[in-house]
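Here is a short report on a single protein chain. It moves from the whole fold to selected residues.

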Amino acid sequence: MAYNKRLVDSILKEMLEAKGAVLVEGAKWCGKTTTAEQLANSHLYMQDPAKKEQNIKLANLNPSLLLEGKTPRLIDEWQLAPKLWDAVRFEIDKRNEFNQFILTGSAVPASFEDISHSGTGRITRLLMRPMTLLETGDSSGKVSLKRLFSNETDIAETNECDLKKIAYLICRGGWPKVVGLSKKIALRQAIDYYDGVVNSDISRVDNKNRNSERAKLLMRSYSRNIGSQIKYEELRKDILGNDIDSFSIESLYEYLNALKKIFVIEDSPAWNPNLRSKTAIRTTDTRYFVDPSIATACLGLGPEDLINDLKTMGFLFENLCIRDLRVYAQTIDGQVYHYRDKNNLECDAVVHLRNGNYGLIEVKLGGDDLIEEGAKTLKALEKNIDIGKMKAPGFKMVLTAIGDYAYKREDEVLVVPITSLGN
């Protein structure tokens, strides 16, 4: 099967040229191993059933033997033998060369007791996410996030996408295996992923037996609160409201940490700009899954269900946009944040680059009224930013599900369908 190129390909290549090893982390099924294989010249698959037990024993007794091979050498699912971390770090010091190893993992190690060194200066990390609409071929990419940050904001592009297609893309998700599949089979992938998480992965991550029904309740509650800043205690109460006898805050933290360790949950941190006023900024993270299809699988929703409940679809569409923005921002050394203040002025996404440039983005399904609402929010936030202490926003964008065009309004606000956006 032909390899579907990923936006992280060039990032991984650059990282390898500057460090002895790169650790590629991310959700199961997001394509880490396949991407790493494109650059690797030798391989060690720790999960190979025929060699798994032997590999783990060697990692404990003589890990250097597992590191022999042409470089860069891929060590897949390294966390099964955490002693490999220090062995890789020591080998890099001994060789004193870059481009030696690629480590991949769909979970953090169950224990850090066998790791004595952080790997700083030798091993760098790359977070890999499911595929964007650009990578799956569902976005033209005609509106480039990189070019927007270069002041190329005079956009005028046509777009073809309807609400039914967006509903399908939300439920299908960005899993590499869905590319080229029929709709029915593609929609099954997220359901299988979800089943694997609640029935196995959430317990296997640190070898602690967790109740699958409680995991389901937690993930459903998370799904119902996507795009919100719900506090964990409120999340716990929501779970208790579903005929469950008890669920302590300690248990909640334990389950949530397990989901984070296997990269199922990826919340957005709060953005803290310099403001003209003394408005207090809400600092609670905004709740998201790494892919919106996880939420639809949790809730048992399909594309038609979303079309019949546009409010829910709006929140899940926001999660899709955040997923894509994170990957596009990653290619230009940026991060995605969320803004909300005590007056409930809210901005769904702030893409902030390392050089201090940033763009403000509101997510709307589409339609003149919603676009106008989003533009009003963006202009209100811009007006409140103290540009004497920080830069003015590089652009203001309303990111939509539907729309025939990507264009720039007279008030400088960009209107861009998600199926026109790219890196």
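## Contacts and overall fold

In the protein chain, 73% of the contacts with a separation of 6 or more join residues 24 or more positions apart. The model is predicted. It contains 14 helices and 14 strands.

The radius of gyration is 22 Å. A compact globule of 423 residues would come near 22 Å, so the chain agrees with that expectation. Along its principal axes, the C-alpha trace spans about 65 × 55 × 50 Å.

## Surface and charge

Buried residues account for 54% of the 423 residues. The accessible surface of the chain is about 19,200 Å². Carbon and sulfur atoms hold 46% of that surface.

Charged side chains number 59 positive and 59 negative. The centres of the two sets lie 3 Å apart.

## The largest nonpolar core

The largest nonpolar core has 83 residues. Which of them touch the most other members? They are M219, F289 and F317. Helix 13, residues 310–330, gives the most to this core, with 10 residues.

Take M219 as a worked case. Neighbours within four places in sequence are left aside here. Beyond them, M219 contacts Y194, V197 and V198. The list continues with L259, V264, F289, I294 and C298. F289 thus appears both among the residues touching the most core members and among the contacts of M219.

## M397 in strand 11

M397 sits in strand 11, residues 395–400. Is M397 buried or exposed? Its relative accessible area is 0%, so M397 is buried.

Leaving aside neighbours within four places in sequence, M397 is in contact with L148, L360, I361, E362, L378, L414, V416 and L421. One of these contacts, L414, is 17 residues away along the chain. The C-alpha atoms of M397 and L414 are separated by 4.5 Å.

## R236 in helix 9

R236 belongs to helix 9, residues 232–240. Why does R236 count as buried? Its relative accessibility is 19%, and the cut-off for buried is under 20%.

With neighbours within four places in sequence left aside, R236 is in contact with F247, S248, I249 and L252. I249 and L252 fall in helix 10, which covers 249–261.

## Backbone exceptions

Most residues other than glycine have a negative phi, and most peptide bonds are trans. The cases below depart from that pattern.

The peptide bond from T71 to P72 is cis. Its omega is near -5°. P72 lies in the loop between helix 3 (52–61) and strand 3 (73–76).

N96 and F263 are two residues to check for phi. N96 is not a glycine, yet its phi is positive, about 55°. N96 is in the loop between helix 4 (83–95) and strand 4 (101–105). Its relative accessible area is 68%, so N96 is exposed.

F263 also has a positive phi, near 65°, and is a residue other than glycine. It is placed in the loop between helix 10 (249–261) and helix 11 (292–299). Where N96 is exposed, F263 is buried, with a relative accessible area of 13%.

Note on methods: Residues are numbered from 1 along each chain as its sequence is written. This is a predicted model: local features need pLDDT of at least 70, side-chain atom pairs count only at pLDDT 80 or more; totals for chains, interfaces and linings use all residues. Side-chain values use heavy atoms; hydrogens and water are left out. Helices (H or I, at least four residues) and strands (E, at least two) are DSSP runs, numbered from the N terminus. The radius of gyration is taken over C-alpha atoms; the globule rule is 2.2 Å times the number of residues to the power 0.38. Buried means under 20% relative accessible area, exposed over 50%, partly exposed in between (1.4 Å probe, protein chains only). Contact means heavy atoms within 4.5 Å. Accessible areas come from the Shrake-Rupley method with a 1.4 Å probe; for residues, only the protein chains shown count as cover. Lys and Arg count as positive and Asp and Glu as negative; His and the chain ends are not counted. The place of a charge is taken as NZ of Lys, CZ of Arg, CG of Asp or CD of Glu. A nonpolar core is a set of buried Ala, Val, Leu, Ile, Met, Phe, Trp, Tyr and Cys residues joined through side-chain atoms within 4.5 Å.
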